[in-house]
Amino acid sequence: MEISTLVITVAALAAIAWLAFLVANSMRGRGKEEVAPNLAPGITDDTLESKRLDKTLASAVVLSGILALSLPIYFVGEQSRQDGFVEEFDQVALERGAHLYGEFQCGNCHGVDGGGGVASYVDKRSGISVAWSAPAINTVFYRYTPEEVRFWLVYGRANSPMPAWGLAGGGPLNDQQIDELMEYLQSADFLLPQDDALLLIEPSVNQALSRLETADTVMTDAITAQNDLVEAIQAAPGQVERAEALAARAAQALKEAGEGIDVDGDGLADRIEQELTAIFAEAGDALGDPALVVVLNPEAAQTGAGEADLDLAHRAVAALETVAAKLRVTADNQEKLLSQALAGVAFLEQAQQDKKWEIDIAAVADATFSGDREAADRAVGLFNAYCARCHTAGYSAGIPQTLSVGSGALGPALWNGRPNVQFLSAPDMVTFITKGSENGVAYGVNGVGSGRMPAFGPVLAIEDLELVVQYLRGDTLTGD
Ligand code: HEC
Ligand code: HEC
């Protein structure tokens with residue numbers, strides 16, 4: 001037991017005892033008052049100055065002593081008690097923050113550990129469904145001040161998959177919950193140690209460079225997938241009735257699951273297992289979707305591994321019903337969907353023809369880095385890994401870029417010598433990128449910050465910042 005708790009307990013017991021004494025005393029005196037007290041003769045000094053008075057006075061002195069001692073003792077513990085409350089409060093906020101991170105599924109897009117991920121999104125320019133890159137947020141507090149992070153949380157990022165979370169932005173979380181979320185994102189439980197963040201530079205640069213190398217193949221695959229989508233939309237009206245009929249038959253069979261001989265005792269009669277297997281085979285064939293084919297063995301309660309046949313049957317029927325429902329929607333909206341999908345094909349084909357993502361690194365090396373190919377590689381990789389998501393339109397959508405590097409997106413365009421207009425010298429520009437922008441604070445020659453340009457000092461080496469600046473100040477980002 002802590003000393004302060006002890007003191008409080010003793011004080012409480014004393015108070016209770018005192019009250020009990022008072023009550024008992026007043027009860028004892030009742031009914032005896034025959035003469036009004038003001039008319040009764042006074043009590044003599046002899047009666048008053050008895051042993052009892054001495055005792056009462058003595059106990060009063062002892063009680064005052066205890067009180068005088070216990071107050072300082074209580075006071076001594078006060079600081080640590082206060083600290084304890086603050087710590088407990090922080091701990092609770094942290095736990096709530098972690099809970100909110102899970103409940104609102106930040107991890108679905110940003111990764112469970114906040115290391116980055118993707119979100120499905122319909123790209124505004126192409127109308128195509130893409131996997132939009134969601135940045136790492138376990139380093140976000142190195143790049144932004146807490147107020148800036150709060151802004152993104154409350155208002156989200158319009159024109160991207162990042163939703164608004166704060167009430168002010170139309171989201172579900174109140175101020176306190178945003179605080180708790182921030183508390184968690186900044187805590188050692190979540191935040192990546194800065195040394196580890198620096199270790200990410202190398203792999204990020206390599207990933208950005210290999211993305212450039214495989215871009216053509218990725219585009220070819222994307223066009224194939226988009227053409228498959230067109231074909232599927234065209235085929236939908238011819239398939240939908242068949243699919244609905246098969247789904248209805250399967251659902252009916254499932255309803256009769258318990259009727260008949262059931263050799264393996266799995267809750268599905270033998271004839272039903274056979275019928276469902278036949279329906280699934282027919283559906284897979286007719287709808288050209290091998291995933292619909294499911295086999296149920298009437299002689300084994302568990303045909304597949306780890307799942308009872310009855311569950312498997314329910315799941316497969318539900319899948320078939322979903323396919324039928326989707327085909328219905330597609331068939332009913334065929335014209336609109338087809339024109340969208342065809343526009344997507346045209347967009348991708350144009351993008352592949354233009355190859356705006358391409359960067360002639362050898363030319364960058366010659367023009368800007370006195371032929372140093374290694375420096376050019378690194379500069380190009382750094383820009384694409386750390387800057388392109390805000391400074392090159394459509395970069396987060398994947399390869400189908402219709403505008404070239406530095407075209408501008410959330411951040412301004414950086415091509416055609418813009419950085420040389422904004423910053424008179426390379427060191428000025430390095431300083432800006434190191435610290436990022438601040439809301440309402442001037443930067444460069446004629447810039448006014450909004451706080452949206454992150455600070456890269458804490459996550460990139462100074463040599464890397466200088467390389468990127470050199471690259472941007474060279475005249476190879478021309479938009480051609
Ligand atoms: C549907 C996907 C999705 C969900 C869910 C989501 N985000 Fe985001 N978030 C994104 C994307 C995408 C971006 C980057 C947008 C862009 O391309 O500029 C982003 C940006 C951010 C940023 C700014 C980071 C930076 O460096 O620019 C923060 C901070 C953030 N999200 C935190 C959260 C938190 C916390 C949650 C959960 C409450 C959350 N996000 C949920 C997709 C999502
Ligand atoms: C999260 C988005 C984002 C990222 C990532 C980002 N920027 Fe920016 N950048 C901006 C915004 C927004 C501005 C405009 C200033 C403002 O609004 O505060 C800006 C401004 C700039 C400017 C000044 C442009 C001008 O003409 O005024 C330069 C130069 C720049 N960024 C370079 C970079 C470099 C280099 C990187 C990568 C190391 C980078 N940025 C990464 C958003 C971003």
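**Ligand 1 and residue G102 in a predicted model**

Tutor: In this predicted model, ligand 1 is surrounded by 24 residues, and the closest are C106, C109, H110, R143 and M162.

Student: What makes the pair formed by ligand 1 and H110 a polar contact?

Tutor: A nitrogen atom of ligand 1 is 2.7 Å from an N or O atom in the side chain of H110, and because a polar contact is a pair of N or O atoms within 3.5 Å, this pair counts as one.

Student: How do you know that R143 and R389 make polar contacts with ligand 1?

Tutor: The side chain of R143 has an N or O atom 2.4 Å from an oxygen atom of ligand 1, and a polar side-chain atom of R389 lies 2.9 Å from an oxygen atom of the ligand, so each pair falls within the 3.5 Å cut-off.

Student: Which elements give two or more residues to the shell around ligand 1?

Tutor: They are α4 (106–110), β2 (129–134), α5 (140–143) and α7 (175–186), and the residues of the shell divide into 16 nonpolar, five polar and three charged.

Student: In which pocket does ligand 1 sit?

Tutor: Ligand 1 sits in the second largest pocket.

Student: Why is G102 called partly exposed?

Tutor: G102, which has its place in helix α3 (residues 51–103), has a relative accessibility of 48%; because buried means under 20% and exposed means over 50%, the value for G102 falls in between, and G102 therefore counts as partly exposed.

How values were computed
Residues are numbered from 1 along each chain as its sequence is written. Chains are lettered from A and ligands numbered from 1 in the order in which they are written. This is a predicted model: local features need pLDDT of at least 70, side-chain atom pairs count only at pLDDT 80 or more; totals for chains, interfaces and linings use all residues. Side-chain values use heavy atoms; hydrogens and water are left out. A residue is near a molecule or strand if one of its heavy atoms lies within 4 Å of it. A polar contact is a pair of N or O atoms within 3.5 Å; within protein, one must be able to donate a hydrogen and the other to accept it, and residues adjacent in sequence count only if both atoms are side-chain atoms. On a 1 Å grid over the protein atoms alone, a cavity is a set of points where a 1.4 Å probe fits but cannot get out, and a pocket is an open set with protein on both sides within 12 Å along at least five of seven lines; lining residues have an atom within 4 Å of a point. A molecule sits in a cavity or pocket if more than half of its atoms lie within 2 Å of its grid points. Helices (H or I, at least four residues) and strands (E, at least two) are DSSP runs, numbered from the N terminus. Ala, Val, Leu, Ile, Met, Phe, Trp, Tyr, Cys and Pro count as nonpolar, Asp, Glu, Lys and Arg as charged, and the others, Gly among them, as polar. Buried means under 20% relative accessible area, exposed over 50%, partly exposed in between (1.4 Å probe, protein chains only).
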